[in-house]
Amino acid sequence: MYTKGASHMIALVLAMITLLPMTALAEPIHDSSALKSQSTRTAPLGISEVLARIELTHPLLQAVGAERTKARAKILKALGAWEPTFKNVNHVERYQTWNLTTSPETFDTHTVGFSDANLQVGHPWGFTVFGGLRSGFGDRANRQLVSMPPDQLAFYHNQHFNYGGSFHLLRGLMVNEENAQFQQAELAGPQAEIKVAQKRQDLYLAGAVQYWDWQVAVKQAEMVKRALVVAEERLGQVEGLAKGGRVAPLDVIEANQEVQKRREAAIAAQRKVEYEQYKLSLFLWENGEPVTPRPEWAPEFQGETPLPTAEEIAANKVAAKEDRPEVRDLYIEAKLNNIDIKLAKNKLLPKLDLEGGPTAGSTDWMVGIGYRVGVHAEIPLFQREARGKVMSAEVAQQQLALKQHYTEQQVSFDVDNWLSAQVRARDRVTAATEALRLAKTLEEGERTRFNMGATTLLFVNLRERNVVESAYQLYRAQADYAVARGGMLYATGALAKPWAESELAKYGKPLTAAGMNGYKQPGRD
């Protein structure tokens, strides 16, 4: 009785061990908070939707879009060099006068001053002008002395029109530090667009690769689970044969062992699916949260497409050299460096500045010296600073030329590389398809032989494992082919451009897309 009860207990434990993993497999883990809005979805998840959602909602693309606002901020900062500025200056002086014909101990003490209200305006060409009113005050100003400059009299006797300015005649004329900073700030806008394009193409390609990895994992998990079901059904069949004495008890153990191996493989495949779907969720955002895709959303692999012709490949290489952000960024750097070269060469010129305006001293103004004009000349003897800047800028120009040549060749080779990947992946798909067909033929034949008693369970298991492995190789080849097609779009610079607006409109508002972040809105910036 004890032996019989123990055998029943062991059978119950084995049954529980057999059923528990299947429960775990039947209930895959999902992030429920990220799936609320997609809980009733039945449509498959296509690659076009993945790219559209990246363009619409990806936080990293939105963050890079803020570079557009920073570019406008640089322009505003540079324009501050010529900001129209209202200035008010009050100047007061006390002085004493005495006359040789009178007692040397007799002094007259006077208080004079003025209040300037001027508007100063600068220009990128290197000159600054100002104009306004100067209102005099003090005991001498009120006497209406003849010595006060009467030519620019304004609204009353001690108020005059005020004007002046400064001009660069050689160094700084049209080419100066402020103007160079402004020209470089204007290139910040194109640089921001290039940064957005670079981030877009990187996210598009990474999202596409992750999408196909997720699809391979889902298809592989389905294949492994189907193999597990087959093994479980065969275990029941072998147990029935063993009870009738038609097979050895050892075959039951072998069939059970195969079930456990495939169950372990199914658990590992399920974990792979969950890992890939969580990675893919970082490319699928909705309402500020990543959306974790369900396995049932995975579509079937698409068929092959015609390979590009030689003419299309040549056109792709030309497009790559024009559209790839890496090449365009070097063009912007070259323009920035050209500005530095012009500024450095301008430093080689002598400094010759002309300036003029009203006198700054109150006493000078009151005794009749109203305006001053001056020329400032400065010639460095060795021009070391200027020659050093020219040398540095010219070396940077040579470096950029070499880097540009290398980058253009690199993007051209990228086209050839992705074409090679597409061709080889297509050949692998053809070979893997035939290999899977042959593996399934062998599998069916081996099962028939096993049912006839002409082979062992070991060979049947090997044939079935071969089918699973062959299916995985086919899925992997199909995914690599799809990635190669996307890689060709990446190589030509097509992925640097926003996804089609017709596709974006299916999943959100194109005007509020993450890729549009930072564009100037109507109204004051």
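Colleague: Which helix gives the most to the largest nonpolar core?

Modeller: In this predicted model, the largest nonpolar core has 71 residues, and those with the most contacts inside it include Y211, W212 and W418. Several helices each supply at least two residues of this core, among them helix 2 (47-57), helix 10 (384-451) and helix 11. The most, 19 residues, comes from helix 5.

Colleague: Leaving aside neighbours within four places in sequence, which residues is Y211 in contact with?

Modeller: Y211 is one of the residues with the most contacts inside the largest core. With neighbours within four places in sequence left aside, its contacts are L45, G46, I47, V50, L280 and P299.

Colleague: Which residue joins its side chain to that of Q184 in a polar contact?

Modeller: Q184 belongs to helix 4 (residues 177-186). Its relative accessible area is 23%, so Q184 counts as partly exposed. Not counting residues up to four places away in sequence, Q184 touches L336, I339 and D340. A polar atom of the Q184 side chain lies 3.5 Å from the backbone oxygen of L336, while the side-chain polar contact, at 2.8 Å, is with D340.

Colleague: How many Å apart are the end C-alpha atoms of helix 11, and what span should its residues give?

Modeller: Helix 11 covers residues 457-492 and is followed by G493, whose phi is positive, near 90°. At 1.5 Å a residue, its 36 residues should span 52 Å. This agrees with the separation of its end C-alpha atoms, which is 53 Å.

Definitions and conventions:
Residues numbered from 1 in each chain as written. Predicted model: local features only at pLDDT ≥ 70, side-chain atom pairs only at ≥ 80, totals over all residues. Heavy atoms only, no water. Helix = DSSP H or I, 4+ residues; strand = E, 2+ residues; numbered from the N terminus. Expected span 1.5 Å × (residues − 1). Buried < 20%, exposed > 50% of the residue type's maximum accessible area, 1.4 Å probe, protein only. Contact = heavy atoms within 4.5 Å. Polar contact = N/O pair within 3.5 Å; in protein donor to acceptor, adjacent residues only side chain to side chain. Core = buried A, V, L, I, M, F, W, Y, C linked by side-chain atoms within 4.5 Å.
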